[in-house]
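Here are a few friendly notes to read alongside the model. I have kept them in the order in which I would go through it at the bench.

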Amino acid sequence: MSLAAEAFVSQLAAAEPWPENATLYQPLKEDQILLSDHASSLAVQAYLRMCGLPVQVLCRVNSEFMSPSGKIPFIHVGNQVVSELGPIVQFTKAKGHSLSDGLDDVQRAEMKAYMELVNNMLLTAELYIQWCDDATAAEISRPRYSSPYSWPLSKILAYQKQWEVRRKMNAIGWGGKTLQQVYEDVSQCCQALSQRLGMQPYFFNKQPTELDALVFGHLFTILTTRLTSSELAERVKSYSNLLSFCRRIEQTYFEDKSS
Amino acid sequence: MAAAMELRCWGGDWGLPSVHTDSLIVLAYAKFCGANVTVSPIDWTWKTITASVPELFCGDSTVQEPAQILNFMRKQRLNADYELTARQGADTMAYIALLEEKLRPALLHTFWVDAENYANLTRPWFASRSPFPLNFLVPCRHANIALSRILLTKGEAPLHRISEMEGKIYSDAKECLNLLSYRLGAAKYFFGNSPTSLDAFVFGFLAPLEKANLPSSPLLSHLRQLENLTGFCDNILAAFFSSDRPYG
């Protein structure tokens, strides 16, 4: 949203505390949601749990169209609607909850840079694999994306989304890449994350930040989603400290709620 | 030693060896690692419309895109990142991603979409460096590519108009410049005392912005306030691209 709208929302947000009935919207979990959307949604859920903010997850077929920016997930808090991790982090900060206050300027610069790395490489690779790889698009992405709709709407929406994503890939120069090159890029990104994490529990030592939430969202989704080939998951699995990082966050923030 | 390498790129002006960001990145890296690269500018040739710039020729192989070219040079044992630790290498990747996501859209907008800059600086420059009749086509093509890239990557439905995104693009870019400034601090280069690929990337992005005589640019005024970044660019220009050897 534009700058003026953002400033207005922040001001409104600061006025009220976090309500009990905050909700997060995403597409249907079993049938409709795709890899990249699930990763983004899980990242936001992890972030909110790390902040200790209660949120209820609602699955709606038309979440993508309800969202103010067209992207999943979005949260409905009080009478405001905010989508995507970046604006949601700013929104919660305006309400007084923040995970990155303890960082100094250089660390904050690093954190933002690594978040852009994940968005630039992992998210783009996920989109590429889902929509530009013909086998995956035909077997998984198009059927799933259009599952709630009847013919001919299902065909139209699925192809429109595929066309949009392919246009974007061409614009940023990923259109000419092969699948192997994309897997290589994912490996390099995971290697960078693994080296940055090292033996620490979180990226900035003791406390989790939004970077941890984002990395967890993407890696956990890649590890637990079944695609036409398991090479993507295998590439991530080869970094053991990333695996234990995902397991640790899952146990700390997700398992105590379900048991 | 490596075979002879030839780099095809846009020519230079405003005190820079090249005005094109990607070409400048490759030229800077070649200087940092002491590579022997012959530069063939594509100005005034038909390559302005046919070639994808920058492009490196080495023997039989051709490489495009700055990241691929830098990888290729590293494989030829021309490695400016040799002394970096694994973690510094990871930081390099992260900061380059930050530049691409936050700074590139604003630079594209400043040079190619902003009407005043485009009409008074960018289009005349590129048109004057292209042979007839390409001088009508080349600037338009670049401007269209730039605009569609910004709209596709930053455009959020239903805000498909560029005017609504300008504020966001520029505020992201200013934040990116601030973050780079914090990271550089008072040091001469980003990692230690010798320049690396991250320095090449930052130089390639910032130098055209700093040196071109842009008629209107809020981003440039912001950059000028960050003295360590302007000092960084001037330092590299003086050390590696002094006027008596513009291409080395």
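1. A residue counts as buried when its relative accessible area is under 20%. By that cut-off, buried residues make up 51% of the 259 residues in chain A. Please keep in mind that this is a predicted model.

2. On overall form, chain A holds 11 helices and four strands. Its C-alpha trace spans about 45 × 40 × 40 Å along the principal axes. A compact globule of 259 residues would have a radius of gyration near 18 Å, and chain A agrees, at 18 Å. Of the contacts in chain A with a separation of 6 or more, 75% join residues 24 or more positions apart.

3. Turning to the surface, chain A exposes about 11,700 Å², and carbon and sulfur atoms supply 51% of that area.

4. The largest nonpolar core has 161 residues, and those with the most contacts inside it are A:I75, A:L193, B:L103, B:F203 and B:F232. Helix α5 of chain A (residues 105–131) gives the most to this core, with 14 residues. Domain 1 (3–94) and domain 2 (105–254) of chain A both give residues to the core, so it lies between them.

5. For a local view, try B:L103. Leaving aside neighbours within four places in sequence, B:L103 is in contact with B:L98, B:A173, B:C176, B:L177, B:F205 and B:L206.

6. How many disulfides are there over all chains? A search of the whole structure finds zero. A:C132, for one, is in no disulfide, and the nearest cysteine sulfur, that of A:C189, is 18 Å away. A:C132 counts as buried because its relative accessibility is 18%, whereas A:C59, at 26%, counts as partly exposed.

How values were computed: Residues numbered from 1 in each chain as written. Chains lettered and ligands numbered in written order. Predicted model: local features only at pLDDT ≥ 70, side-chain atom pairs only at ≥ 80, totals over all residues. Heavy atoms only, no water. Core = buried A, V, L, I, M, F, W, Y, C linked by side-chain atoms within 4.5 Å. Buried < 20%, exposed > 50% of the residue type's maximum accessible area, 1.4 Å probe, protein only. Helix = DSSP H or I, 4+ residues; strand = E, 2+ residues; numbered from the N terminus. Domains from an automatic or database assignment. Contact = heavy atoms within 4.5 Å. Disulfide = S-S within 2.5 Å. Rg over C-alpha atoms; globule rule 2.2 N^0.38 Å. Areas by Shrake-Rupley, 256 points an atom, 1.4 Å probe, with all protein chains shown as cover.
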